[in-house]
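I opened this notebook to record what I looked up in one structure. The entries follow the order in which I checked things.

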Amino acid sequence: MAKKGRRQDDQLFLHSVLENIPDMIFVKDAKHLKFVRFNKAGEKLLGMKQSALIGKSDYDFFPKKEADFFTRKDRAVLKDGKLLDIPEETIHTRKKGVRILHTKKIPLRDPSGKPRYLLGISEDITERVNAQKALQKTYEELEGRVQERTSELSRINAALRNSEALYRTLLSSLVEGVVVIDKKGKILSANPGAERILGFKAEQIIGQSAFAPHWGVLKEDGTPSKPGEFFTMASIKTGNPFANVVIGLQRADGQLIWLNGNTHPLFRPGESKPYAVVTSFFDVTSRKEMQAEIQKLNTELEHKVEQRTSELKAAVSELEAFSYSVSHDLRAPLRAIEGFSGILLEDHAASLNEECRRLLGVVRKNTLHMSQLIDDLLSFSRIARKDFVKRRVPMADLAQLIAEELQQDKQGVRSHVILKPLPDIYGDAPLLRQVWTNLMANAIKFTRLTASPKIEVGAEENAEAVTYYVRDNGVGFDMQFSNKLFGVFQRLHSAQEFEGTGVGLAIVQRIVLKHGGRVWAKGRVDKGATFYFSLPKAEDFP
C-alpha cells in the first residue's frame, strides 16, 4: 500500500511539473502518431483544449503540408531512436496565427526496448526570431549606411583634393592678384598674379602686414589712407564684401600703381565674424591716367565752349542789334518813297501818262512789300530777345480765336476749318499765338485756289510730348524741297502766285525750338500739306 501511495505521489508530482513547464509538451503513440498527452502550455499555444487534442493526429488540426512535415520528422525519430533537434519549424495556430517553434523529439521505449511513444518539447521562439530578424535588418541597414557614408566620405575627400588642386591651378592662372589677409592685417597667401602686379615674390609678400608703410596706400582721390580706412579691414570688421574699390599703392620698384579691389570675408562654421578676407585686385593705372587726361581735356573743352558761347552770344546780340537798327533806319526812306509816290498819283495823275502811273504803282507795291518784310524781320529778331514766360496755355481756345480771325481772307473766300480737341500745354502764350497765326494763315493762303478749301487742326500726344498739326488740302509742296521750308526768305512759290515774305515759317521754327520742341512738314504737290510742331509736356501744371 505504501508503495502504491508513493507511486501516486510521484505521478501527481510529474503531472504537476509537466503542466507548469512553459514550453509545449506533447506525447504521441508510436503506432498511429495520435496525441495521448498535452500540457497547458500546448493548449495555450494551439488554442485548443487537451480533450479536443487527445486521440487526434496532426492531420486533424494543421494544413496537410505542415502535417506531412511533422509526420516525417516523427517517423525519423522513431526509426533512428535518437533525439531530433529541429531549430525552427512553423506551425499554424487558431488564435496566434503562424508561430515559430524550436522542437526536440525523442522516442519513449517500453521495457522491451521498442519505441512506444514519441515525446516532443516545443519552445515558442517567434518573438526571439522576429527580434533577431529585426536586429539583422537593422544591422544590414546600418552596415549599408556605413558603406554609403564611407563611399560619400571617399568621394568628398577626392572632391576636396580635386577642388584644392583646381583652386591652386585657378589661382596660379588668374591675371588678377589674389591675397588672403587675416583679421590682424597679416598677409597669409599670395598668387602669381599678386607677385606680377606688386613686383614682390610670394615669399616676400606672405607674412607682411597690409598696414606696412612701404605700401603707401592712397584713396581714390589721391589722399593718404589710414590703416583703419583700408577696405580690407572694413570687410573683416563688418563681415560684408566690398566691390570695385580703387586704391593706389607703391610697387616694389617704387612706382605708384592704381588697383581696383574686391573682398570676400571668410567665416569658420558657427562663427558670425570673419577670421580672414580674400582680396582680389587688378591694375587700373592706365585707365586712371586716361581718366585724368580725359578730365583735363573736358575741363579745357568746357572752358573753350564757355568762351565760344560768350563770343557767339555777343555776336548774336550785335547782329540782332544791327538788324533792329537797320530795320528802323530803313523805315524813314520807305515812308518817304511811299508818301511822295502817293502824292504824285493823287495830285498829278492828270499830267502823267499810263506808263508813269503804272511804274509809280509798282514802286508803291514794292515799298509796301519792303515794309512788311522789315516788320517780319523785326518780329524774327524780337523772338530771341523776348522774355520767355511759361504758363498753362489753353491751346483749343487759342486756335479757335485765331481761326475766327483768319477764316475770311482778303478775297472773301471762307475756308472750312475743323478744330479737333487740343490738349493744353506749358509755354509762352503770345509766342504760341504767333505759331498758330502763321501756320493757319499759311493754310488759308495756300487753299485759296482750291474749290472746297478745308483745314484741319488737331493734336496727338504720348507720355513725353504733344504734337499739334495744321492740315490743308491746298497746293501742297514737293518733299524734296522740305528742307527749305523753315529758312529765312526761303519760298517754294513765287510772289505772283502767293503773297508773303518767306519769314513766317522761320518764326514758327524759332519759337518752337525756344520751347524745346521741333517742327516739320509733309506734303504732296496739289494734294495739300500738313505742318507739325511738337512741344514737351510739363510734369505738373502750375
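Is the crossing of H11 and H12 left-handed or right-handed? I looked it up in the model, which is a predicted one, and found the crossing of H11 and H12 to be right-handed.

**Entry: H11 against H12**

I then took the geometry of the pair. The axes of H11 and H12 come within 9 Å, and they cross at roughly 45 degrees. H11 and H12 are therefore oblique to each other.

I listed the residues in the contact. On the H11 side I have Met 395, Leu 398, Ala 399, Leu 401, Ile 402, Ala 403, Glu 405 and Leu 406. They meet Ala 429, Leu 432, Arg 433, Trp 436, Thr 437, Met 440, Ala 441 and Ile 444 of H12. Sorted by class, the residues of this contact of H11 with H12 are 13 nonpolar, 1 polar and 2 charged.

**Entry: H12 against H13**

I repeated the check for the next helix pair. H12 and H13 pack at an angle of about 145 degrees, and their axes are 9 Å apart. The crossing of H12 and H13 is left-handed.

From H12, the contact uses Leu 431, Gln 434, Val 435, Asn 438, Leu 439 and Asn 442. From H13, it uses Gly 504, Leu 505, Ile 507, Val 508, Ile 511 and Val 512. I count by class 8 nonpolar and 4 polar residues in the contact of H12 with H13, and no charged ones.

**Entry: nonpolar cores**

Which residues of the largest nonpolar core touch the most other members? The core has 38 residues, and the ones I noted are Met 395, Trp 436, Tyr 468, Phe 531 and Phe 533. I also noted which elements give two or more residues to this core: helices H11 (395-406), H12 (429-446) and H13 (504-514), with strands E14 (454-461), E15 (465-472), E16 (518-524) and E17 (528-536). H12 gives the most, with 9 residues.

I followed up Trp 436 and left aside its neighbours within four places in sequence. Its contacts include Met 395, Leu 398, Ala 399 and Ile 402, residues that I had already listed on the H11 side of the helix contact. Trp 436 is also in contact with Leu 422, Ala 441, Val 457, Tyr 468, Tyr 469, Val 470 and Phe 533.

Apart from the largest core I found another, of 23 residues. Among them are Trp 215, Val 217, Leu 249 and Phe 281.

**Entry: positive phi**

I looked at two residues that have a positive phi without being glycine. Leu 33 has a phi of about 55 degrees and sits in the loop between strand E1 (24-29) and strand E2 (35-38). Is Leu 33 buried or exposed? I read a relative accessible area of 6%, so Leu 33 is buried.

Asp 526 has a phi of about 65 degrees. I placed Asp 526 in the loop between E16 and E17. Asp 526 is exposed, with a relative accessible area of 60%.

**Entry: two more loop residues**

I checked Lys 186, in the loop between strand E6 (177-182) and strand E7 (187-190). Its relative accessible area is 43%, so I entered Lys 186 as partly exposed. Not counting residues up to four places away in sequence, Lys 186 touches Val 180, Ile 181, Gly 207 and Gln 208. Lys 186 and Ala 210 are 24 residues apart in sequence, and I have 6.2 Å between their C-alpha atoms.

Asp 221 is in the loop between helix H7 (202-205) and helix H8 (231-238). Asp 221 is exposed, at a relative accessible area of 59%. I paired Asp 221 with Gly 248, which is 27 residues away in sequence; their C-alpha to C-alpha distance is 9.4 Å.

**Entry: whole chain**

I closed with the totals. The chain has 13 helices and 17 strands. Of its 542 residues, 34% count as buried. For contacts with a separation of 6 or more, residues 24 or more positions apart account for 55%.

Notes:
Residues are numbered from 1 along each chain as its sequence is written. This is a predicted model: local features need pLDDT of at least 70, side-chain atom pairs count only at pLDDT 80 or more; totals for chains, interfaces and linings use all residues. Side-chain values use heavy atoms; hydrogens and water are left out. A nonpolar core is a set of buried Ala, Val, Leu, Ile, Met, Phe, Trp, Tyr and Cys residues joined through side-chain atoms within 4.5 Å. Buried means under 20% relative accessible area, exposed over 50%, partly exposed in between (1.4 Å probe, protein chains only). Helices (H or I, at least four residues) and strands (E, at least two) are DSSP runs, numbered from the N terminus. Contact means heavy atoms within 4.5 Å. Axes are lines fitted to C-alpha atoms, for helices over the stretch in contact, and angles run from 0 to 180 degrees between N-to-C directions. Angles under 35 degrees count as roughly parallel, over 145 as roughly antiparallel, 65 to 115 as roughly perpendicular and the rest as oblique. A crossing is left-handed if the near helix is turned anticlockwise from the far one by less than a right angle, and right-handed if clockwise. Ala, Val, Leu, Ile, Met, Phe, Trp, Tyr, Cys and Pro count as nonpolar, Asp, Glu, Lys and Arg as charged, and the others, Gly among them, as polar.
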